[in-house]
Amino acid sequence: MDLTMLFWGAVTRMGQACIAASPTILVGWLVAAVFERILGREGTYRLFGGNTWRQLPQAWLLGMLLPVCSLGVIPVMVQMRRSGISGGTILAFGLTAPLFNPISVLYGLTLSDPWAILAFSLCSLVLITIMGMLWDRLFPNSQLPPEPLPKTPYGIRRIAAVTLSMCDQAFSAASLYILVAIAGVGLLAAMLPAGVLQRAANQNDLLAPCTMALVSTLAYVTPMTAIVQVASMFQHGNSIAASFTLLALGTGVNLGMLMWMVAHYRWRPTLCWLGCLIAIVLAMSYGIDRPLQPKGIEPADHTHAFDIYCNPFTTSESNFGESTWRILRESVHPEEIVSMVAIAVLLAAGAILRLSGLLPRWMDRLHTWPMLERNSKDIVLPNSVIAAVCFVGLIVSSIGACFLYYPPVEEVRKEMQAIEAEMLGSYHRGEWEKLEYWIPIQEDWGHKLTVGATLRQRPLDRYQQLKLQVYMNKLELLEHAVEDRDRDEASAFGQQAAQAFRRLKDALAR
Amino acid sequence: MEEHFPKHWPFTIERASQRLSAIARDPQAPSPVEGLSPREEFHDLMKWLPLLAADSDLDRKAFEQIDRGALAWQSALQVTPADDAVFREHLIHPDTIAFLQSLDAICLAERARLDQLQQP
């Protein structure tokens, strides 16, 4: 066993998880700060339906709308607990929030069977309702009395209080659980050799959902990655049962969240909850497998969707440190750089303010600071209105982000053409690393092409769809040839891909 | 390269058309692929036709003609039990014959166009 390879494999996967999670962790801190300083304890309690029958469906709906992942949801769960919300509702929200967000649902609706995504959403509602009710029945009175919190005054002080609260969230125990979750990703990568899951989700493999359940509890998947994987599993005719298990457990649960539960609710309830969750998810998975099986698709005998959970390195690799750095560099997108900088600033500010004891003093000062002279035309907005604007703003900006994330067809075509030009000739020369970098990006643009066209209510017609499908198939064949380092095949498939792209471009121009 | 495709994958629309015509002419002749009946091969080829047409330089009109015919065949067999007797009945159906003839004509025209392009 090569310990250096296991170590660097784990470091690479943990680094990738940190990069991918950075935007949603930031959103998690913002939502937690809004809950704490704008909604307040009582407002948060009411937002989640108080002690009525509405608490579980409301937790599901809010979870569907807020763009957080299973790491970003931890600080939000902390705030919910401090607000006196029941354990069942907190866990229901914690499970649903990472599963879907507006961008990922749109992606799923366009690229998978829309009925499947609707079925998955409804299954998640049923799942969290059962789990929430079961929890509250088995472990009643698991909620804490709401912690006292002075009302945040309006104006600039309210904005300052939210910023301070975000620093506080960043340097808090919740961040330790986030680190534990990331360590879980490293542990998984160290345990799973490269490519070991490639045949773990075949259509007729009855054990596929069980394998997926074993793996995905430790895994961390962003909502977007999960929906891309689900869509890919549909397109390749993989096991639908495994796909739902991956979505529910891989996206919803991680080691950090489980440790948070242990710390707050103890071992027995946590293990009981996890056991019930896995059992219900598996029962649902097997139930929906046949009815949702896509028709007319040749089932693939393997998938690369789960390679990201395994060790990226094989024993043939020699310079692990350099490869890790290259993989991490290639994984970063511009929005993630911005989020990582913001996270670093908040963490540093949180550490300085907490360790120096300035944070509580500044927060107290914000509450006692004398009011500035008010302009007579100023309107003092109640906290509930501000909170509503924040949430509606988040949803509206998510919709706006959909249009940015999925550009118009013409723009996507130009991007794809530039990448095709980058790849041109690389397959003849055997420039494997260059191709390994560009092929997934090109595949991503291919998916965005379909979603972007549908979003603008000008969906691709069947001629264009099939031209795109042919191109994507050729890219996948090229990807396999690159993995096998087979220069003849790469050359042949690369040429075919270039030809298929030319035809796609012509089809889109009409 | 072959490991990525089913054994009876025809690679081009032209070869698919030739195999379809051959099976239609003699549905009793065994398939070149071991363990595969002519009915299964015919059905798979019909299913793959739209993708093969998209993987060629055929224009939109020809593509749509092939796509319509292939989809019609598939939907017809979805509501009919697909045993050998029904299959042979479908083969001699005027719509199937007309479709295979038009597919053949499209492929011949495309071959002629490509040959002309290759001439100095």
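**Exercise 1. Backbone angles at two residues**

Task: In this predicted model, determine where B:Phe11 is placed in chain B and what sign its phi has, then treat A:Asn141 in the same manner.

Solution: B:Phe11 is found in the segment that precedes α1 of chain B. Its phi is near 70°, a positive value in a residue that is not glycine. The next step is accessibility, where B:Phe11 has a relative accessible area of 30% and is therefore partly exposed, given that this class lies between the 20% and 50% limits.

Turning to chain A, A:Asn141 belongs to the loop between α6 (114-138) and α7 (156-170), and this residue, although not a glycine, has a positive phi of about 55°. With a relative accessible area of 67%, A:Asn141 counts as exposed, because the class requires a value over 50%.

**Exercise 2. A helix pair between the chains**

Task: Describe how helix α21 of chain A and helix α2 of chain B are placed relative to each other, and which residues make the contact.

Solution: Begin with the axes: those of α21 (residues 462-483) of chain A and α2 (residues 38-54) of chain B come within 8 Å and cross at roughly 85°. The two helices are therefore roughly perpendicular to each other, because the class covers angles of 65 to 115 degrees.

Next, list the residues: α21(A) contributes A:Arg462, A:Leu466, A:Lys467, A:Gln469, A:Val470 and A:Asn473, while α2(B) contributes B:Pro50, B:Leu51, B:Ala53 and B:Ala54. Sorted by character, the contact comprises 6 nonpolar, 2 polar and 2 charged residues.

**Exercise 3. Cysteines**

Task: Establish how many disulfides the structure holds, and examine A:Cys210 and A:Cys310 individually.

Solution: The search of the whole structure, over all chains, returns 0 disulfides. For A:Cys210, the nearest cysteine sulfur is that of A:Cys276, 16 Å away, whereas a disulfide would need the sulfur atoms within 2.5 Å. For A:Cys310, the nearest cysteine sulfur is that of A:Cys210, at 18 Å, and A:Cys310 is likewise in no disulfide. As to their surroundings, A:Cys210 is partly exposed at 30% relative accessibility, while A:Cys310 is buried, with a relative accessible area of 0%.

**Exercise 4. Confidence**

Task: State the scores of the model, and find where in chain B confidence is lowest and where it is highest.

Solution: The model scores ipTM 0.91 and pTM 0.75. Chain B has a mean pLDDT of 86, with 92% of its residues reaching 70 or more. Within chain B, the lowest confidence falls in helix α4 (residues 84-91), at a mean of 82, and the highest in helix α1 (residues 13-25), at 93. Where pLDDT is low, the predicted coordinates should not be read in detail.

Terms used. Residues are numbered from 1 along each chain as its sequence is written. Chains are lettered from A and ligands numbered from 1 in the order in which they are written. This is a predicted model: local features need pLDDT of at least 70, side-chain atom pairs count only at pLDDT 80 or more; totals for chains, interfaces and linings use all residues. Side-chain values use heavy atoms; hydrogens and water are left out. Buried means under 20% relative accessible area, exposed over 50%, partly exposed in between (1.4 Å probe, protein chains only). pLDDT is the predictor's confidence in each residue, from 0 to 100. Helices (H or I, at least four residues) and strands (E, at least two) are DSSP runs, numbered from the N terminus. Axes are lines fitted to C-alpha atoms, for helices over the stretch in contact, and angles run from 0 to 180 degrees between N-to-C directions. Angles under 35 degrees count as roughly parallel, over 145 as roughly antiparallel, 65 to 115 as roughly perpendicular and the rest as oblique. Contact means heavy atoms within 4.5 Å. Ala, Val, Leu, Ile, Met, Phe, Trp, Tyr, Cys and Pro count as nonpolar, Asp, Glu, Lys and Arg as charged, and the others, Gly among them, as polar.
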